[in-house]
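Here are my notes on the charged pairs in this one, as promised. Have a look at the model first, then go through the points below.

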Amino acid sequence: MKRFAVSFLGHFPQLSSYHHHLGSPPNCSPMFLNRFLSQIPLCSSSTDTRPFPDYSPKKPTIRDSEFAHQITSTIKLRRFEPLPRILKPYESKFQSNHLIWVLMKIKNDYGLVLDFFEWACLRRDPTLEVRSIVVQIAVASKDLKMARWLILDFWRKPNLDVSLSFTHFVEQLLYTYKDWGSDPNVFDVFFQVLVEVEMLDEAMKFFDKILNYGVVISVDSWNLYLSRLPDNLHGCWKAMKVFIELPQVGVCWNTASYNILIHLFCQLGKIKDAHLLLLQMEFRGCIPDVVSYSTIINGYCHIGELQKVLRLIREMQIKQLNPNPCTYNSIIHLLCKMGKVVEAERILREMINEGIYPDFVVFSTLIDGLCKRGNLSAAYMLFHEMQRWRIMPDLLTYTSLICGFCQIGNMIEADKIFHEMCGRGLEPDEVTCTALIDGYCKVGKMKDAFLLHNQMVQVGLVPNVVTYTALADGLCKSGELDTANELLHEMCGKGLQLNIITYNAMVNGLCKAGNIVEATKLMEDMEVVGLNPDTFTYTTLMDAYCKAGDMSKAQELLQRMLDRGLQPTIVTFNVLMNGFCMSGMLEESESLLKWMLDKSITPNVITYNSLMKQYCIRNNMCATTAVYRDMCAQGVLPDSNTYNILIKGHSKARNMKEAWFLHKEMVGKGFSLTPSSYNAMIKGYLKRKKFLEASELFDEMRRQGLIVDKEIYDLFLDIKL
């Protein structure tokens with residue numbers, strides 16, 4: 001191969017110093033990839049070859065010749081009898097050379113060759129010459145499986161000097177080729193075995209050697225070689241080098257070859273380079289198939305490039321290539337990751353309609369996505385559908401459902417699924433148990449949480465930092481700060497390090513207990529141990545100061561947070577907005593809202609509700625209405641709380657037409673009035689002497705089992721009197 005590569009490498013100097021023994025490859029930049037693709041030559045071949053050597057075994061003496069003849073005659077005449085029995089008289093005098101001389105006489109009888117070789121191997125290990133002869137005969141007889149086994153059996157021998165053995169084996173293979181088989185497939189088989197046993201450098205040396213005899217390894221064998229290269233930059237560089245050099249000596253790459261290289265690029269995260277290679281395939285005479293597209297689609301899905309995925313899908317449709325399960329799974333996984341679970345489920349239905357049966361991965365991915373979005377009813381339905389397809393859920397599927405139900409605090413369903421999982425013989429792991437513990441802690445069932453923690457330990461599962469953080473958070477929310485502190489000391493004693501989430505749980509617990517001083521001190525301790533407080537830490541403390549009415553401290557924390565380069569979230573702004581409103585600082589609230597909009601941070605409904613509530617308390621319904629209109633103009637939809645705030649405000653101001661209209665609108669959207677809103681509306685109608693409307697609302701309220709204020713009862717009694 002070297003002599004063919006020299007002229008080419010002169011045009012591509014970077015490659016000449018990396019021939020076979022590669023050093024550190026250069027960075028595979030897009031410019032480099034373009035140059036690489038342009039350098040792949042069309043297939044050519046060479047006529048400068050040498051002949052295979054003649055086979056000249058040791059000549060037998062007259063006695064040896066007679067002995068070999070006797071063995072040959074015996075095994076031919078008595079071929080249906082067991083060889084160990086009929087060859088018993090010859091065992092004591094049998095030597096390796098006798099094996100070769102007998103094989104020369106029976107080489108056209110493949111079955112007899114194998115039987116005799118097996119008998120000989122039981123007496124002594126065959127020489128490489130003998131092994132090579134039988135390999136040649138096996139390939140010539142189209143028994144490639146046996147040839148492969150004979151070669152593989154040799155490389156499995158213990159304590160081999162690989163370098164020396166490789167040299168000797170190749171020499172014997174070339175030496176025996178001409179007279180014992182002359183089938184070039186023998187070199188493909190030998191090359192493939194070298195690749196399978198991870199002797200990639202030896203495989204390349206072997207190719208160089210046989211190239212001198214005009215033999216070119218098949219593209220299928222080279223595809224195996226490419227597929228075994230490591231998924232790193234060095235492997236990528238080696239694959240590219242092989243791609244450039246081999247067409248010069250007659251190797252014509254096919255679609256499978258390009259697919260392997262595309263897969264390698266995608267594994268390295270070089271998706272655009274893989275896409276570029278796809279575009280080059282047709283120019284090189286290779287038509288991309290569904291695997292080509294699916295590999296690149298999967299790559300783009302991993303980096304979240306949905307638009308490029310959709311363009312590739314359209315391109316597949318134009319070329320009448322039907323997506324395979326891998327394509328669908330990649331798209332479903334991306335859509336779930338992006339929170340587009342409705343679209344992901346639509347893809348699943350399309351997949352089924354196309355006659356492609358979803359596999360375990362597709363169902364599990366979608367179930368996990370639905371659970372993370374809180375759509376547990378759809379996830380549960382899909383869970384049952386999965387089983388109707390006779391696809392059994394595994395630990396990951398059950399854990400996704402358990403996590404989902406724990407997140408919404410439905411511990412009855414979470415427990416039910418957990419016990420169903422255990423009943424099917426699936427053993428929970430640390431993730432499953434931690435999810436349940438976190439769920440118990442969120443609903444205040446600390447006894448159940450610690451019981452499960454103890455069971456974990458008993459069965460050999462090791463609670464991790466997430467487990468302890470969940471327990472500490474639960475204890476803090478229950479006001480058991482001392483117990484939480486003891487638990488964290490136990491955690492540290494086990495070699496686990498507190499992380500930012502653990503500290504935040506403790507800060508949150510201290511703030512909820514009203515101990516802002518200790519919470520602030522704990523935040524300072526975080527920095528001592530090398531953990532930087534994050535946005536959640538600052539927001540938690542700001543909330544505590546806002547609720548305590550100390551807005552100056554809350555603003556100080558906001559400034560410190562901004563100075564450290566941390567970006568406030570919508571929750572941070574809502575905490576401050578609520579604080580300003582509770583403190584009656586409406587000007588500051590308006591300034592905060594303006595600042596949010598200037599920074600392109602879209603306020604949410606909670607932000608606007610805080611501001612509207614304060615204006616309603618001040619009976620400033622003009623300002624309230626202005627805020628509401630501004631909210632709708634920003635594309636923020638009102639929620640149940642919005643309507644209740646507005647209805648109470650208008651009722652208090654006796655704007656009953658507005659209150660009635662808002663009531664009708666909210667009911668149409670599926671929202672309900674709170675008892676306080678009913679009371680406010682009834683009172684407003686009564687003040688306006690709209691007794692019929694007040695009476696209708698009063699009856700509606702009672703039908704719903706809501707508690708009516710004593711003041712309302714008294715007003716109705718006064719009316720009747």
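**Notes on the salt bridges**

1. Lys241 and Glu245 sit 4 residues apart in helix α14 (residues 233–245), so about one helical turn separates them. Their side chains meet in a salt bridge, with 3.0 Å from N to O. Keep in mind that this is a predicted model.

2. Are the two partners in α14 buried or exposed? Lys241 has a relative accessibility of 3%, so it counts as buried. Glu245 is buried too, at 2%.

3. Helix α25 (residues 430–442) holds another pair with a spacing of 4 residues, about one turn: Asp438 and Lys442. The N to O distance in this salt bridge is 2.7 Å. Asp438 comes out at 18% relative accessibility and counts as buried, whereas Lys442, at 40%, is partly exposed. The cut-off for buried is under 20%.

4. Now for a pair that isn't within one helix. Asp54 and Lys178 form a salt bridge at 2.6 Å, N to O. Asp54 is in the loop between α3 (30–38) and α4 (62–77), while Lys178 belongs to helix α10 (residues 162–180), so the contact ties together parts 124 residues apart in sequence.

5. How accessible are Asp54 and Lys178? Asp54 is exposed, with a relative accessible area of 51%. Lys178 is partly exposed at 40%.

6. Don't look at pairs alone: Arg78, Glu81 and Arg85 are joined in a network of salt bridges. The full count for the model is 25 salt bridges.

Note on methods. Residues are numbered from 1 along each chain as its sequence is written. This is a predicted model: local features need pLDDT of at least 70, side-chain atom pairs count only at pLDDT 80 or more; totals for chains, interfaces and linings use all residues. Side-chain values use heavy atoms; hydrogens and water are left out. A salt bridge is a side-chain nitrogen of Lys or Arg within 4 Å of a carboxyl oxygen of Asp or Glu. Helices (H or I, at least four residues) and strands (E, at least two) are DSSP runs, numbered from the N terminus. Buried means under 20% relative accessible area, exposed over 50%, partly exposed in between (1.4 Å probe, protein chains only).
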